[in-house]
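Welcome to a short tour of a few side-chain and strand arrangements. Please have the structure open as you read.

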Amino acid sequence: MVAVINVPDKVSLDGLEEKWSQVWEARGTYRFDESVPKEAIYSIDTPPPTVSGSLHIGHVFSYAHADIIARYQRMQGREVFYPVGWDDNGVPTERRVQNYFSVRCDPSLDYEPDFVPDPAAKELRPVSRANFIELCEQLTQLDEQVYEMLWRRVGLSVDWSLTYTTVGLESRKVSQAAFLSLLERGEIYQSSSPTLWDVDFQTAVSQAELEDRPVTGKYHRIRFRLMEGGEVEIETSRPELIPACVGLVVHPDDTRYRSIVGQQVITPLFHVPVRVIAHPLADPEKGTGAAMVCTFGDLTDVAWWRDGGLPLRVIVGRDGRLVDTVVFGSEEFPSLDHEDANANYRQLVRRRSEAARERITELLERSGDLLAPPVNVKHAVKFYEKGERPLEVVASRQWFLRLLEHRDALIQRGRELEWLPPHMRVRYENWVTGLNADWNLSRQRFFGIPIPVWYPLDAKREVDYTHPLIPKMEDLPVDPLGQAPRGYTEDQRGQPGGFTADPDVMDTWATSSLSPQLAGGWLSNPSRYAKVFPMDLRPQGQEIIRTWLFYTVVRSDLEFGELPFKQALISGFVLDPDRKKMSKSKGNVVTPLPLVERFGADALRYWAASGRPGVDTAADEGQMKIGRRLAIKVANATRFVLGTLTREEVALDLTEPHPLDVAFLAVLDSAVRDAAARLARNDYTGALETIERVFWEFCDDYLELVKVRAYGDTMEDDLPLVTATRAGRLSALRTLRLANELLLRSLAPYLPFVTEEAWSWFHDDSVHRNAWPQPGECLRGLGLTGKGDVPEQASSGVFRVAQEVLAEVRRVKSEHRLSPKTPVDRLVVRANSARLEAVGCALSDLAAAGMVRLIELHETTDESLFVEVVLAAIS
């Protein structure tokens with residue numbers, strides 16, 4: 001809707017973010033209308049960022065890409081389902097609460113209703129689980145407000161009424177319902193088995209949460225004695241696990257050891273007979289070719305132990321210390337000299353791995369079983385991605401979701417998905433084919449979605465894990481630690497014949513992998529969910545292909561038998577100005593808010609749009625400055641155009657479009673077509689390059705060419721070639737208006753604030769609820785239909801030729817350091833007849849823009865254009 005033109009006296013970008021974010025929210029500009037049919041909806045499954053601190057520029061980078069696409073689809077007439085979520089649960093949140101409030105959770109304590117934390121306390125105060133969860137909820141709500149403020153500042157066009165979290169009541173219900181559904185179908189099972197364990201966070205860790213880090217260690221060459229005589233030498237970086245040694249392993253084809261496979265050797269210091277086994281995972285080239293099998297040093301130990309049918313001897317506890325319950329000479333720990341073995345083990349009890357390693361090295365050296373001084377080595381060790389110490393492998397009871405038996409189906413799902421860029425599919429497939437374990441769903445934490453299961457207790461209070469007590473769907477959500485199961489009362493908790501709760505919560509990805517269901521309303525709004533699922537787009541970072549994307553595909557395939565989304569848009573990494581990957585450990589992370597305050601949100605979005613899918617992009621302030629310059633120019637160009645539109649000619653009918661105007665609109669139409677085609681395949685970077693190029697042609701060339709004609713200034717005394725007719729003025733005014741509107745609408749997905757501001761100067765509605773420019777629209781605005789895509793009137797290329805001539809005039813003046821207003825006495829143009837005809841169509845505009853008194857046209861047969869500029873000032 002066109003409003004009264006109201007142009008400010010001075011253009012400014014200051015305060016636009018706050019102004020328009022408030023207006024958009026008040027007007028419901030981006031509110032999703034779920035009454036429309038499914039085919040009219042475009043749905044986006046955005047990543048819920050972890051609410052545990054502050055957002056960094058990488059978040060803005062990735063989210064800006066999705067927002068550009070959302071805005072474009074909205075302007076193409078689609079109703080865009082574009083929610084945002086917060087990932088509240090997980091280890092980072094608990095760690096942040098500990099550090100922020102100076103507390104730690106102790107589930108044995110009673111709830112304190114009036115508890116007030118002391119963040120300044122020097123030591124962590126123990127608090128009950130209920131108090132700890134309250135503090136988690138309190139802090140995440142504060143963090144969510146900060147995150148939302150930033151997202152509004154950068155102009156995300158999300159529907160804030162659809163916001164969800166990963167720990168709210170709805171999330172608990174959805175996560176628990178999905179868990180029980182898969183449990184009923186046998187896709188989820190419970191097992192007590194070796195588990196990767198973080199001793200600091202005190203929780204199990206899944207394969208997707210691992211990362212290899214180089215650590216400095218030492219290889220120890222140690223002697224094992226054969227029961228039948230002789231010796232076997234091994235090398236290990238973890239001699240402290242000798243008490244847990246259950247065998248030696250060699251490669252089946254290693255001729256050095258073929259004769260001793262099946263024999264027994266005696267462990268040093270602890271005198272335990274163990275068997276020599278052969279296994280294809282043994283590496284003949286590593287160390288001596290023979291290795292200890294311990295329960296457990298790493299996941300390879302698990303494979304050797306399981307395949308070799310070896311006994312279980314666990315010595316490392318969940319706290320990372322060697323346990324004090326080991327007794328050599330018992331059935332579990334047989335020993336040929338149990339007194340010596342126990343004396344040696346007592347010197348290791350309750351030590352962490354590093355300290356136990358130092359002590360056992362001294363004992364081995366004293367016994368003569370350390371054959372050489374330890375050798376320094378750097379090798380890769382598995383860490384929890386958020387942990388600070390190497391992981392241990394401990395035996396624990398956990399819940400698992402079956403992955404290994406579905407690998408082929410999951411690879412096929414990945415091939416059905418459209419990847420942007422396509423090569424990112426390789427990362428997905430490499431992850432799926434490299435899976436070596438089912439998904440460990442359970443975590444030993446406090447703030448998260450509870451596993452919805454209880455267990456009956458027998459008369460001796462022994463837990464019956466084989467007959468779990470399962471809630472009904474209508475009972476969800478439940479908190480087994482705070483509620484009794486059906487048929488029981490709370491006073492039966494922990495009593496003979498009563499029940500006990502499963503103490504664990506779900507892995508954070510077990511909830512985040514249900515983001516389409518959480519956002520879409522799988523259980524709360526089935527009609528909406530049917531319209532938005534599967535989603536059209538999943539934008540995300542490449543580092544979470546193996547987690548968020550993979551797990552979402554898993555859950556959707558197992559529960560719904562289809563992909564959760566049609567396209568996956570994968571962002572590259574954001575690099576620091578030295579083109580190094582940003583990380584908190586390196587201290588080179590850039591936060592976005594100061595950049596918004598310095599350059600404006602539009603400038604930050606402009607920089608983000610320069611990063612193509614999958615391509616790493618540096619946090620370049622130079623690009624942000626260019627984006628700010630573009631935003632200012634958008635406002636100034638609109639201000640100039642609207643200054644011409646106050647004249648009475650704008651209301652008149654246009655009967656004679658000027659050839660130069662038609663030609664420029666043809667150029668603009670071509671750019672719009674190209675940009676639309678690129679955006680249709682989510683090439684937002686290429687589309688911006690096209691739009692930006694034609695925008696600067698509009699400002700630098702077209703505006704300068706028609707400025708005099710638009711204002712109706714003839715300047716006959718100085719420039720006799722400059723003429724102005726009423727029709728010419730009207731054609732220029734109409735073209736300026738059309739081009740300006742089209743460019744504002746084209747740039748709106750990229751620069752939402754300045755385009756909305758400029759649009760508001762002459763419209764009552766929002767530019768973001770107007771249509772993206774359609775092919776031929778600008779030419780139809782001059783009353784032209786033409787033949788084919790480009791009308792006949794524009795085929796002469798009048799604008800391109802005029803651009804070329806004007807560029808040469810500018811070049812000559814600049815070369816001689818003369819003002820652009822310096823008159824040109826004579827301009828000589830030599831070209832073929834078609835080009836000369838084009839110059840003739842723009843003769844008056846060229847004379848006005850170049851301050852030219854005389855233009856001579858000379859026909860040649862050459863395809864090139866030759867321009868001679870004669871200036872009295874340099875003659």
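In this predicted model, a good place to start is Arg629, whose charged end sits over the ring of Trp696, 4.5 Å from its centre. Arg538 and Trp548 offer another case: the charged end of Arg538 lies over the Trp548 ring, 3.1 Å from the ring centre. From there, we can move on to aromatic pairs and then to a sheet.

**Aromatic pairs**

- Searching the whole structure turns up 35 aromatic pairs.
- Among them are Phe296 and Trp305, which are edge-to-face because their planes stand at 85°, with ring centres 5.0 Å apart.
- Phe296 and Trp305 are both buried.
- Trp439 and Tyr551 count as stacked, since their planes are at 5° and their ring centres 3.6 Å apart.
- This pair links distant parts of the chain, with Trp439 in strand E18 and Tyr551 in helix H14 (residues 545-560), 112 residues apart.
- Both Trp439 and Tyr551 are buried.
- One aromatic cluster brings together Trp419, Tyr428, Trp439, Phe550 and Tyr551.

**The sheet and a helix packed on it**

- Strand E18, home of Trp439, belongs to an open sheet of 4 strands with antiparallel pairing, in the order E8-E7-E16-E18.
- At the edges are strand E8 (203-204) and strand E18 (439-440), each pairing on one side only.
- E8 and strand E7 (residues 188-198) pair in the antiparallel sense over 2 bridges, and Asp198 has Thr203 in E8 as its bridge partner.
- Helix H6 (residues 299-308) packs on the sheet, where it touches E7 and strand E16 (392-401), and its direction makes about 135° with that of E7.

Definitions and conventions:
Residues are numbered from 1 along each chain as its sequence is written. This is a predicted model: local features need pLDDT of at least 70, side-chain atom pairs count only at pLDDT 80 or more; totals for chains, interfaces and linings use all residues. Side-chain values use heavy atoms; hydrogens and water are left out. Two strands pair if DSSP finds at least two bridges between them. Contact means heavy atoms within 4.5 Å. Axes are lines fitted to C-alpha atoms, for helices over the stretch in contact, and angles run from 0 to 180 degrees between N-to-C directions. Rings of Phe, Tyr and Trp (its six-membered ring) pair if their centres lie within 6.5 Å; planes under 30 degrees apart count as stacked, over 60 as edge-to-face and the rest as tilted. Buried means under 20% relative accessible area, exposed over 50%, partly exposed in between (1.4 Å probe, protein chains only). A charge sits over a ring if NZ of Lys or CZ of Arg is within 6 Å of the ring centre and within 35 degrees of the ring normal.
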